[in-house]
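Colleague: I am new to this structure and would like a close look at a single part of it. Please take me through that part slowly, in one connected account.

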Amino acid sequence: MDEKRSSPEWGQSTYPPLELVTKPTLTTAEYAYYTNIKPQTARIHACTEAGPLRPRRLNGRLHWSTLETKKLLGVA
């Protein structure tokens with residue numbers, strides 16, 4: 001039986017190219033996809049402040065800056 005999911009499985013490409021993303025922040029799943037890490041690794045980086053970016057926390061959710069992610073990855 002196939003399950004429909006609201007977000008893509010890790011490693012599947014259903015996100016637009018980062019160059020085309022215009023919203024101010026990314027979800028943890030989107031950030032993980034674009035930086036090629038697992039979402040749980042991104043969460044660990046947020047908790048330990050050991051990652052290359054510091055996310056903002058809004059209503060208990062992590063929001064990663066799209067602009068900073070683009071700079072990190074060298075995307076124009």
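Colleague: How many aromatic pairs does a search of the whole structure find?

Modeller: The model is a predicted one, and a search of the whole structure finds four aromatic pairs. One of them joins Tyr15 and Tyr33, whose ring centres are 5.0 Å apart and whose planes stand at 50°, so this pair is tilted. The two residues come from distant parts of the chain, since Tyr15 sits in the segment before strand S1 (25-26) while Tyr33 belongs to helix H1, 18 residues apart. Tyr15 counts as buried because its relative accessibility is 17%, under the 20% limit for that class, whereas Tyr33, at 27%, counts as partly exposed.

Tyr15 also forms an aromatic pair with Tyr34, again described as tilted, with 6.1 Å from centre to centre and 50° between the planes. Because Tyr15 lies in the segment before S1 and Tyr34 in helix H1, this pair ties together parts that are 19 residues apart in sequence. Tyr15 and Tyr34 are both buried, and ring pairs link Tyr15, Tyr33 and Tyr34 into a cluster.

From Tyr34 one can move on to the place where helix H1 meets helix H3. On the H1 side the contact involves Tyr31, Tyr34 and Thr35, and on the H3 side it involves Thr69, Leu72 and Leu73. Sorted by class, the residues of this contact are four nonpolar and two polar, with no charged residue. Two packed helices are described by the angle between their axes and the distance between the axes. Here the axes of H1 and H3 come within 11 Å and cross at roughly 10°, and with angles under 35 degrees counted as roughly parallel, H1 and H3 are therefore roughly parallel to each other.

Thr35 deserves a closer look within this contact. It lies in helix H1, which covers residues 28-35, and it counts as buried because its relative accessibility is 17%. A polar atom of the Thr35 side chain lies 2.7 Å from the backbone oxygen of Tyr31. When neighbours within four places in sequence are left aside, Thr35 is in contact with Thr69, Leu72 and Leu73.

Leu73, in turn, is found in helix H3, which covers residues 66-73, and with a relative accessible area of 37% Leu73 is partly exposed. With neighbours within four places in sequence left aside once more, the contacts of Leu73 are with Leu18, Tyr34 and Thr35. Leu73 and Leu18 are 55 residues apart in sequence, yet their C-alpha atoms are 9.5 Å apart in space.

Returning to the chain after Thr35, the account reaches Asn36, which lies in the loop between H1 and helix H2 (39-48). Most residues other than glycine have a negative phi, and most peptide bonds are trans. Against that background, phi of Asn36 is near 60°, a positive value in a residue other than glycine. Asn36 counts as exposed, because its relative accessibility is 63%, which is over the 50% limit for that class.

A positive phi also appears at Asn59, where the value is near 55° and the residue is likewise not a glycine. Asn59 has its place in the loop between strand S2 (56-58) and strand S3 (61-65), and its relative accessible area of 81% makes it exposed.

Key
Residues are numbered from 1 along each chain as its sequence is written. This is a predicted model: local features need pLDDT of at least 70, side-chain atom pairs count only at pLDDT 80 or more; totals for chains, interfaces and linings use all residues. Side-chain values use heavy atoms; hydrogens and water are left out. Helices (H or I, at least four residues) and strands (E, at least two) are DSSP runs, numbered from the N terminus. Buried means under 20% relative accessible area, exposed over 50%, partly exposed in between (1.4 Å probe, protein chains only). A polar contact is a pair of N or O atoms within 3.5 Å; within protein, one must be able to donate a hydrogen and the other to accept it, and residues adjacent in sequence count only if both atoms are side-chain atoms. Contact means heavy atoms within 4.5 Å. Axes are lines fitted to C-alpha atoms, for helices over the stretch in contact, and angles run from 0 to 180 degrees between N-to-C directions. Angles under 35 degrees count as roughly parallel, over 145 as roughly antiparallel, 65 to 115 as roughly perpendicular and the rest as oblique. Ala, Val, Leu, Ile, Met, Phe, Trp, Tyr, Cys and Pro count as nonpolar, Asp, Glu, Lys and Arg as charged, and the others, Gly among them, as polar. Rings of Phe, Tyr and Trp (its six-membered ring) pair if their centres lie within 6.5 Å; planes under 30 degrees apart count as stacked, over 60 as edge-to-face and the rest as tilted.
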